Amino acid sequence: MRNIVTIALMGISLNLFGQNMSLQDSLQINSNQRILKNLAGLPQGITLGGYGEILYNNPENLNSELDVQRLVLLFGYKFDERVQFVTEIEFEHVKEVYVEQAFVNYNLTQGLNLRAGLMLVPMGIINEFHEPTIFNGVERPSLDKYIIPTTWREIGMGLSGRLNGISARYQAYLFNGFLSHNGENGLLKGSNGLRSGRQKGAESTMNHINFAGKFDFYGIRGLRLGLSGYQGKTQAVDGQNEIPGSEIGISMLGLDARYAYRKFSARGQYLRASLHDTDLYNELTGRDLGSELMGYYLEAAYNVLPFNKKQRLVGFVRYENFNTHHEVGSLISKNEAFHRKEWTLGFSYHIAPGAVYKIDYQTKSTAISNSKKGQFNMGVGVWF
Amino acid sequence: MQKNIFLLFLFLLCMSLSSWTPASHSDRESKYILKQIKKSITSTFSFDSFSLTQKEQLLEASPFLEAYSFYDIIVEEAPKGYVMVATAPSKTDSFEYLLLFDLNYKIKKVKVLIYRENYGGEISSKRWLSQFLQSDTDASFVYGDNISAISGATISVKSITSSINYIMDSIQKLKSQNQI
C-alpha cells in the first residue's frame, strides 16, 4: 500500500508536458553552462562539481531504508596548461568520509596523459562512470558490486591516450592491489569475492604491483565497446606475506558495450575473474573464496518522451546473472546462494540534465529454488 | 628491493617524459596551432600557397565559445575560405578545435587540436567529427539525432555541438547584417 501511494505521488510530480525546447534553448541547457556559472565568481583554474544520490529501498516484508547513500564533492585545480589536479571527496551514508579520487593529470602531448595518484581502476562501465544520472536503476548494477568491487580505486600511475584516427582510447596503469590478509584474518570471501580487500588508498600496504588496462573503441556511431584487463597478486601485511596462502593471484577480463540511438539505448557487460591459489588461501584462513567469478548483464532502455523535450522519461529493463562461486577449488563446494539472478524494471525521469528521479522494482533470486525476493526502490540523483 | 628499482626506473621515465614534451601549446596563435591550421588547409583545399589574415572579432564570447581566432585564407590576394580556432569547455578544463569553412561558410573540416582533460577526449575521433561536415549552411546539429552520442563523453559531445551551433548561428546573423 505504502508503495502504491509513493508511486502515485511520483506520478503526480511527473511533468510529462515539460516545456517544448527550441534549438536555441538546447544551446543554453547543459551541465557545462552550470559549471561555468558556478565558476564565474571563483579564482581562475578552480573547478567545482559533485554528485549525490538519496535512496529509498524497500525489500519485500522488511522495513524500508532511507539513506543518503553518497554525496561526492569534486574539486579541481588547473596549475597551468598541462597540469591539473582532480579530487573527489565522498561522504557515504552521511557519516563515512572517503577520498574517491585524487590524482594529477599531466597532458604530455596531444592525446596522451600521464596520471598519478588515487585513481579508478578501468574495469567495465560503472566503476569509471558511476554518476547517478548516467546509469539506469536506483542502485548500481549488482554485478558492479560483487564481481567488480565498485567503486574500485587504488593508488597508482599510468598512461591514458587516444588514437583519433581509429576512434580508440587506451589506458594502462600500475596499481596497488587488494589486501587479502591483514595479519589476523583473510579478507576475501565467497559471498562478495574481492570486495572486502579494497585498500582505497588508506595506509595501504603493497608488496606486489598490479596491472590494469582498458581499450575502448567508438568508431561506430552510437556504439562504444570496451575491453578491460587486470592482472596481479593480492597483498598481505608484513610477516604474513611469508606464509603460503596469504596472497592469491588475480586475472580479470571485462567486455562492455554501450549503444545509443535517438530515444533507444542499451548496454551490456561480461566479466570473468580467475583467482589462483584459493585452496591454499581457504585452508589458511577458513574462508570460502571461489576460484572463478563470472557475471554478465544486459539492459535496454527507451525514452518515452518526445525527442525534442528537455526532459527524458526513460523506461528500462535489466537482467543480471553473476556467480562468485562460478568455480571453486577442491576444498570447498559451490554455494548455490552465490549464484544470483536479478531483474530490474523501472524508470529514470530526468527532470533536467543532471537531475533525475528514479523508481524501479527488482526481483532477486539465487540458484536455490524458491529464493525469489522482491525489492522496491526509489531515489533522487544529481550530477553537476 | 627489485620492486623499488622498478619504481625508481618508472619515476625517472615519467620525469623524462614530462620534461621532453614540446613547448607550451597554450595560446591559439602558438606554433603548434598554426602548424595544425596549415596542415588542415592543405589537406582540405588544393591551394599551392596561401596566407592567413586575422578577421575582425565580431562573435561574442559565450559559455560555449570562451575565446577564438578567426582568419581569412588568402590565395593570390583574394579570400578563398575561412578558418577558426575556438576554445570550448570540457568538464573540468577547456579544449581547442578548428573549423574550416569555404566562402559560403559551409563547414569543410572540424578537428580537435588540443584536448587536455582525461575524460571526454573521444570527441577527437575523426569519424565522429565528420558528422559536422556540411552540405547546407542552414542545418543545425542536434545531439542524439544527427550528431550521435558517445557514451562516456557526453559533456564534451554536448559542448562541441553547442559550440559549433553557436558559431554557425552567430555567423548567419552577421551574414544577414552584411557584417561578414
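Start with chain A as a whole: five helices and 18 strands. Both are DSSP runs, helices being H or I over at least four residues and strands E over at least two, numbered from the N terminus. The model is predicted, so local features need pLDDT of at least 70 and side-chain atom pairs count only at pLDDT 80 or more, while totals for chains, interfaces and linings use all residues. Residues are numbered from 1 along each chain as its sequence is written, and chains are lettered from A, ligands numbered from 1, in the order in which they are written.

Colour chain A by burial. Of its 384 residues, 41% count as buried (20 or more other C-beta atoms within 10 Å of the residue's own; exposed is 12 or fewer, partly exposed in between; C-beta atoms are placed from the backbone). Now look at contacts, meaning C-beta atoms, placed from the backbone, within 7 Å. In chain A, among contacts with a separation of 6 or more, 58% are between residues 24 or more positions apart.

Next, select residues 209-217 and 223-233 of chain A. These are β9 and β10, antiparallel and joined by seven bridges. Strands pair if DSSP finds at least two bridges between them. Find Gly213(A): its bridge partner in β10(A) is Gly229(A). Then go to the hairpin, with five residues between the strands, where Gly222(A) has a positive phi near 85°.

Add residues 249-261 of chain A. This is β12, which runs antiparallel to β10(A) and shares eleven bridges with that strand. Click Gly232(A); opposite, in β12(A), is Ile250(A).

Move to chain B for the largest nonpolar core (buried Ala, Val, Leu, Ile, Met, Phe, Trp, Tyr and Cys joined through C-beta atoms within 7 Å). The core has 42 residues, and those touching the most other members are Met84(B), Ala86(B), Tyr97(B), Leu98(B), Leu99(B) and Ile167(B). Elements giving two or more residues include α2 (31-44), β3 (78-89) and α4 (154-176) of chain B. α4(B) supplies the largest share, seven residues.

Centre on Leu98(B). Beyond its neighbours within four places in sequence, its contacts include Gln36(B), Ile37(B), Val85(B) and Leu113(B). A second, separate core has 33 residues, among them Val121(A), Phe175(A), Met252(A) and Leu275(A).

Finish between the chains. Here 40 residues of chain A contact 38 of chain B. On the chain A side, β4(A) gives the most, five residues. That side holds twelve nonpolar, 19 polar and nine charged residues (nonpolar: Ala, Val, Leu, Ile, Met, Phe, Trp, Tyr, Cys and Pro; charged: Asp, Glu, Lys and Arg; polar: the others, Gly among them).

Methods: Two residues are in contact if their C-beta atoms, placed from the backbone, lie within 7 Å.
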